[in-house]
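Please walk me through this protein structure, one part at a time. I would like to know how its helices and strands are arranged.

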Amino acid sequence: MNPSTSQSLERGLRILTEFAENGPVLGIADLAREVGLNRSTTHRYVATLAGLGFLQQDPDTRKYSLGPRVADLGFAAISSMEITGVAASYLQDLSDETGYAASMAVLDGADIVYVERRRSRRQTGVHVDLNLHVGSRLPAYCTAMGKVLLAYREPAALRPLLDRMDLVRRGPKTITVREQLAGALAAVRRGGLAVNDEELAPGLRSIAAPLRDRSGQVVAAINIAVHLTTWTASVESVIARLSGPLLRTAADISHQLGYRADSNM
């Protein structure tokens with residue numbers, strides 16, 4: 001086996017693949033036979049996948065089928081592929097115009113996942129690499145894009161999501177009280193703009209706006225991120241200077257995705 005790969009991850013993915021290849025409902029014996037593992041080992045992997053929401057068990061038959069988390073990932077992948085194809089050039093233009101990195105993310109459970117990230121082709125005095133890239137995952141509660149994506153979730157889906165979050169302090173101004181986070185999300189819904197002021201990491205600020213599809217649903221968020229090593233202006237100055245280009249870009253991408261504000265009012 002390649003030492004740089006994970007055998008456990010490979011086995012888990014093989015189990016998930018069996019449902020696509022051999023039927024929507026499978027038992028432990030079926031899975032053990034197909035993946036070449038003993039029943040106890042297979043049961044351990046299946047139990048882990050079920051606990052994470054990738055599999056679900058029928059209480060009567062005791063057999064398993066794919067869980068809602070698989071569907072969420074599939075829809076997110078399809079959506080993000082369409083959106084990134086539309087948004088990439090707009091994000092590059094936004095980054096070039098402002099001189100700061102521009103990114104796009106979708107929501108996956110309590111996290112955001114970066115699906116596009118562009119850096120400015122302009123020469124700036126200091127380049128700050130935050131080690132973020134396509135595929136990076138961050139907690140939604142302490143990021144501007146995460147706040148946008150949480151703010152526009154249906155209330156019935158948002159409440160249990162917030163209840164499960166562990167609001168750990170990540171930066172000097174991280175919101176760690178659920179009531180305060182709920183208030184911040186309400187402000188995002190009213191204003192259409194989210195701000196992260198050193199909530200994820202010291203010195204990092206960002207603003208984010210929603211992207212809507214043809215039905216008016218918020219399907220992704222975009223942001224501009226700045227660091228105090230490159231710009232020591234106040235949060236109000238950051239918003240005043242960058243919110244216009246950000247909101248214009250969000251509106252342009254949403255329009256390309258089929259969103260029409262007049263028809264969705």
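The paragraphs below take up the confidence of the model, then the helices near the start of the chain, then the sheet and its loops.

The structure is a predicted model. Its mean pLDDT is 87, and 90% of the residues score at least 70. Confidence can also be followed element by element. The lowest mean pLDDT among the elements, 80, belongs to helix H4, which covers residues 68-98. The highest, 96, belongs to helix H5, at residues 144-151. Where pLDDT is low, the predicted coordinates should not be read in detail.

Begin with the helices H1, H2 and H3. Helix H1 spans residues 7-22, helix H2 spans residues 28-35, and helix H3 spans residues 39-51. They can be taken pair by pair.

For H1 and H2, the axes are 10 Å apart and the packing angle is about 105°. An angle from 65 to 115 degrees counts as roughly perpendicular, and H1 and H2 are therefore roughly perpendicular to each other. On the H1 side the contact is made by Arg-14, Ile-15, Glu-18, Phe-19 and Asn-22, and on the H2 side by Leu-31, Glu-34 and Val-35. Sorted by class, the residues of this contact of H1 with H2 are 4 nonpolar, 1 polar and 3 charged.

H1 also packs against H3, at an angle of about 80° and with 10 Å between the axes. H1 and H3 are therefore roughly perpendicular as well. Here H1 contributes Ser-8, Arg-11, Gly-12, Ile-15 and Leu-16, which meet Thr-41, Thr-42, Tyr-45, Val-46 and Leu-49 of H3. The contact of H1 with H3 holds 5 nonpolar, 4 polar and 1 charged residues. Ile-15 of H1 is thus listed in the contact with H2 and in the contact with H3.

The remaining pair is H2 and H3. Their axes come within 9 Å and cross at roughly 105°, so H2 and H3 are roughly perpendicular to each other too. Ile-28, Ala-29, Leu-31, Ala-32 and Val-35 of H2 meet Arg-39, Thr-42, His-43 and Val-46 of H3. This contact of H2 with H3 is made up of 6 nonpolar, 2 polar and 1 charged residues.

H2 also holds a salt bridge. Arg-33 pairs with Asp-30, and their closest N and O atoms are 3.4 Å apart. A salt bridge requires a side-chain nitrogen of Lys or Arg within 4 Å of a carboxyl oxygen of Asp or Glu, so this pair qualifies. Both residues lie in H2, 3 residues apart, which is about one turn of the helix. The total count of salt bridges is 9.

Now turn to the sheet. In what order do the strands of the open sheet run? The 6 strands follow the order S5-S4-S3-S8-S7-S6, with antiparallel pairing. S5 (137-139) and S6 stand at the edges with a single partner strand each, so one side of each has no neighbour in the sheet. From one strand to the next, the twist averages 30°. Strands of a sheet pair through backbone hydrogen bonds, either parallel or antiparallel.

At the S5 edge, S5 pairs with strand S4 (residues 111-118) in the antiparallel sense over 3 bridges. Val-113 stands opposite Arg-137 of S5. At the S6 edge, strand S6 (residues 194-197) pairs with strand S7 (residues 204-212), again antiparallel, over 4 bridges. The bridge partner of Ala-194 in S7 is Ala-208.

S6 and S7 form a hairpin with 6 residues between them. Glu-198 lies in the loop between these two strands. Its phi is near 55°, a positive value in a residue other than glycine. Arg-62 is another residue with a positive phi, near 65°. Arg-62 sits in the loop between strand S1 (55-57) and strand S2 (64-66).

Finally, a helix meets the sheet. Which strands does H5 lie across? H5 lies across S3 (101-108), S4, S6, S7 and S8 (218-227), and runs at about 155° to S8.

Notes
Residues numbered from 1 in each chain as written. Heavy atoms only, no water. Axes fitted to C-alpha atoms, helices over the stretch in contact; angles between N-to-C directions. Parallel < 35°, antiparallel > 145°, perpendicular 65-115°, else oblique. Contact = heavy atoms within 4.5 Å. Nonpolar A, V, L, I, M, F, W, Y, C, P; charged D, E, K, R; others polar. Pairing = 2+ DSSP bridges. pLDDT = per-residue confidence, 0-100.
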